Structures are given as C-alpha cells and as structure tokens.
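Biologist: Hi! I'm new to this one, could you walk me through it?
Modeller: Happy to, let's have a look together.
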Amino acid sequence: AIVTTTFGSMWCMRRHSARIKEAVMAASGRACVGCVYDLSGMGETGACPECGRPFNIAEDRRSWARAGMCEMERVSKE
C-alpha cells in the first residue's frame, strides 16, 4: 500500500508539472508565476488579474526557464 501510494503521488506530481509546462509554453512564457494565468496581451509589468500577484515578464520568464518550464531561446525571440 505504501509503494502504491508513493508511486501514485509521484505520478500525480509529474502530471501536474506537465500541465503547468504546457500552459507556460502555450503562453510563450507569459504566464503568472503564482497561478499560471496567461498574461498574453498585457504589459511587461503589472498585477495578475487572476491572483493579484505583481509580475515582470522578463523576470518571470527567467524563473520559468530555471524551473525547466520553458526554453529561454524560444521565449527570448518573441
């Protein structure tokens, strides 16, 4: 039971991470670091309309890249 629970938890975490990565890539790195809301069409800085977290697109893209959720080369060309 412990092994099943452990592997089930690991599978859920990997699936959740994959969904976050898909959302970040779909937004070309312009996703809120707090809630993954797509910030496309908004300015370079501001507050997320979903969670209210302040954002800075350049800094947030670097954070996503460090977390392995997007590639800086692809994001920086846009």
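Modeller: A word to start with: a residue counts as buried when its relative accessible area is under 20%, and as exposed when it is over 50%, with partly exposed in between. Also, keep in mind that this is a predicted model.
Biologist: Thanks! So is Arg30 buried or exposed?
Modeller: Arg30 is buried, because its relative accessibility is 11%.
Biologist: And which residue does Arg30 form a salt bridge with?
Modeller: That would be Glu44, with 3.0 Å between the closest N and O atoms. Both residues sit in the loop between helix 1 (2-26) and strand 1 (45-47), so the salt bridge ties together parts that are 14 residues apart in sequence.
Biologist: How accessible is Glu44, then?
Modeller: Glu44 has 49% relative accessibility, so it counts as partly exposed.
Biologist: Cool. How many salt bridges does the count come to?
Modeller: The count is 2. Asp60 and Arg53 also meet through their side chains in one, at 3.4 Å from N to O.
Biologist: What about burial for those two?
Modeller: Asp60 is buried, at 4% relative accessible area, whereas Arg53 is partly exposed, at 29%.
Biologist: Switching topic: where is Gly52?
Modeller: Gly52 lies in the loop between strand 1 and strand 2 (54-56). With a relative accessibility of 43%, Gly52 is partly exposed.
Biologist: What separation do the C-alpha atoms of Gly52 and Cys35 have?
Modeller: Their C-alpha atoms are 9.5 Å apart, and along the chain Gly52 and Cys35 are separated by 17 residues.

Key. Residues numbered from 1 in each chain as written. Predicted model: local features only at pLDDT ≥ 70, side-chain atom pairs only at ≥ 80, totals over all residues. Heavy atoms only, no water. Salt bridge = Lys/Arg side-chain N within 4 Å of Asp/Glu carboxyl O. Helix = DSSP H or I, 4+ residues; strand = E, 2+ residues; numbered from the N terminus. Buried < 20%, exposed > 50% of the residue type's maximum accessible area, 1.4 Å probe, protein only.
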